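Colleague: Please show me the model, and let me ask how each descriptive word is justified.

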Amino acid sequence: MSKTLAILTGGGDCPGLNAVIRAVVRTACGRYAWRVIGIEDGFEGLVAPLRWRELGPKDVRGILSRGGTILGTSNKGNPFSFPQKIKGKIELVDISAQVMENFHSLGADVLIAVGGDGTLKIAQGLFEQGLPVVGVPKTIDNDLQATDVTFGYRTAVSIVTEALDRLHSTAESHHRVMVVEVMGRDAGWIALEAGIAGSADVILIPEIPFVLDEVCQAIRTRADMGSRFSIVVVAEGAFSATGDKVLLKTAAENLGVERLGGIGERVAHLLADCLDMETRVVTLGHLQRGGSPTSFDRILASRFGVKAVQLIAAGRYGEMVALKGRKVVGVKIAAAVAQLNRVDPQDELVDTAQNLGILVSRAARG
Ligand code: F6P
């Protein structure tokens, strides 16, 4: 039976979104001869005036290697808490019933929601209200449960690794401490993996609060042994054992979503006070999300797009595609968003870093 699939990309963009859109369109229009429409700017496109367009194979030509998303995205269109001006004041209102109606008015049978934790929680909420939904997990943060990895993450790790390689030479030439702040929200995956790949000396992650004296001591010891420079990778959500996360905006100031940032500056400042060394800060920011996906992410995103259409063909709504070992499978969206996938302090990767002599928030072993 013919179907119309609607696809949207929600939340922060990441490399590989276009590869998913392309795979969905090619599979749905080719193998199944179904129709695909693209909702623009995430869930915002389902709020009047509706923004959407037809997507056929010609529309997805040449986009596999392109970063960003041809459909646009937004992290501000949550239908369950949508900002509306009421008597001159912005209030967050539940307009999900209206969004469901708008969706049905498009003549679409099923929604493919490509997004991270926030987008998939919305997708799950709409599914619980009766909307046929299939999810595709994206995020550079890699903080979703129920999949081995999200697409976009490996590309971000590669970008940070390359930055760390470049920073080594200048740090060494000037005998400086370079503090590099990376993204990841409340998960330290990017910092940990890129820190190992880029040979950082200190990695600070949100899952293990750090002790500043230990960081200073590690850098001093390195200098005493002849390495008069250090690379400190700080996840944006990291905080000291005696402090709190550093925010650019609180959730209350930013429509329910915390904006992290600034811990790099703070750490550099504190290190400059306790060390007799120059410090500099590099905040990699949105560079980590921009540009072309790596081949790994192109392939993963393509597999996810194909599998999403296959889940729809099998009527498996409320599921999300996920990588489990070598296989792409369907899992419940609810399981993926129940809690964040964060670094376990006992994780083998933490142990690996520590055995390599990297201080991971706490002092390295023996
Ligand atoms: O979730 C992806 C992410 O890039 C986080 O790592 C970061 O904290 C956040 O999005 C930044 O969001 P924005 O693009 O709204 O500044």
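## Words and their cut-offs

Colleague: What makes Ala97, Glu101 and Ser105, on the other side of helix 2, count as exposed or buried?

Modeller: Before the answer, a word on the source: this is a predicted model, in which local features need pLDDT of at least 70 and side-chain atom pairs count only at pLDDT 80 or more, while totals for chains, interfaces and linings use all residues. Residues are numbered from 1 along each chain as its sequence is written, and side-chain values use heavy atoms, with hydrogens and water left out. As for your question, a residue is exposed at over 50% relative accessible area, buried at under 20% and partly exposed in between, with a 1.4 Å probe and protein chains only. Ala97, Glu101 and Ser105 are exposed by that rule, whereas Ser96, Val99, Met100, Asn102 and Phe103 in helix 2 (residues 96–105) are buried. Helices (H or I, at least four residues) and strands (E, at least two) are DSSP runs, numbered from the N terminus.

Colleague: How do you know on which side of helix 2 these buried residues lie?

Modeller: The arc is taken from the directions from the helix axis to the C-beta atoms. The buried residues cover an arc of only 165° around the axis, so they lie on the same side of helix 2. They are covered by, among others, strand 1 (4–9), strand 6 (110–115) and helix 3 (117–128), where contact means heavy atoms within 4.5 Å.

Colleague: Which residues of helix 10 are buried, and what do they pack against?

Modeller: In helix 10 (residues 348–355) the buried residues are Val350, Ala353 and Gln354. They span an arc of only 100° around the axis, and therefore sit on the same side of helix 10. That side packs against helix 5 (189–197) and strand 16 (359–360), while Glu348 and Asn355 are exposed on the face turned away from it.

Colleague: What makes aspartate 347 a cap of helix 10?

Modeller: A side-chain oxygen of aspartate 347 lies 2.8 Å from the backbone nitrogen of leucine 349, at the N-terminal end of helix 10. A polar contact is a pair of N or O atoms within 3.5 Å; within protein, one must be able to donate a hydrogen and the other to accept it, and residues adjacent in sequence count only if both atoms are side-chain atoms.

Colleague: How do you know that cysteine 216 and cysteine 274 form a disulfide?

Modeller: Their sulfur atoms are 1.7 Å apart, and a disulfide is a pair of cysteine sulfur atoms within 2.5 Å, so the pair meets the rule. The pair links cysteine 216 in helix 6 (residues 212–224) with cysteine 274 in helix 7 (residues 263–274), 58 residues apart. The torsion about the S-S bond is about -75°, and the disulfide is therefore left-handed. By this rule the count comes to one disulfide.

Colleague: Why is cysteine 274 called partly exposed?

Modeller: Its relative accessibility is 25%, so it counts as partly exposed, whereas cysteine 216, at 2%, is buried.

Colleague: What surrounds the ligand?

Modeller: Asn75, Ile140, Asp141, Met183, Gly184, Arg185, Glu236, His286 and Arg289 surround the ligand, each with a heavy atom within 4 Å of it. Polar side-chain atoms lie 2.6 Å from a ligand oxygen in the case of aspartate 141 and 2.5 Å from a ligand oxygen in the case of glutamate 236. Taken alone the ligand exposes 400 Å², of which the protein buries 79%, with areas computed by the Shrake-Rupley method with a 1.4 Å probe, where for residues only the protein chains shown count as cover.

Colleague: Why is threonine 150 called buried?

Modeller: Its relative accessibility is 0%, so threonine 150 counts as buried. It belongs to the loop between strand 7 (133–137) and helix 4 (153–174), and a polar atom of its side chain lies 2.7 Å from the backbone oxygen of threonine 139.

Colleague: What is noted about the phi of arginine 185, and what about the bond that joins alanine 48 and proline 49?

Modeller: Most residues other than glycine have a negative phi, and most peptide bonds are trans. Arginine 185 is not a glycine, yet its phi is near 50°, a positive value. The bond between alanine 48 and proline 49 is cis, with omega about -5°.
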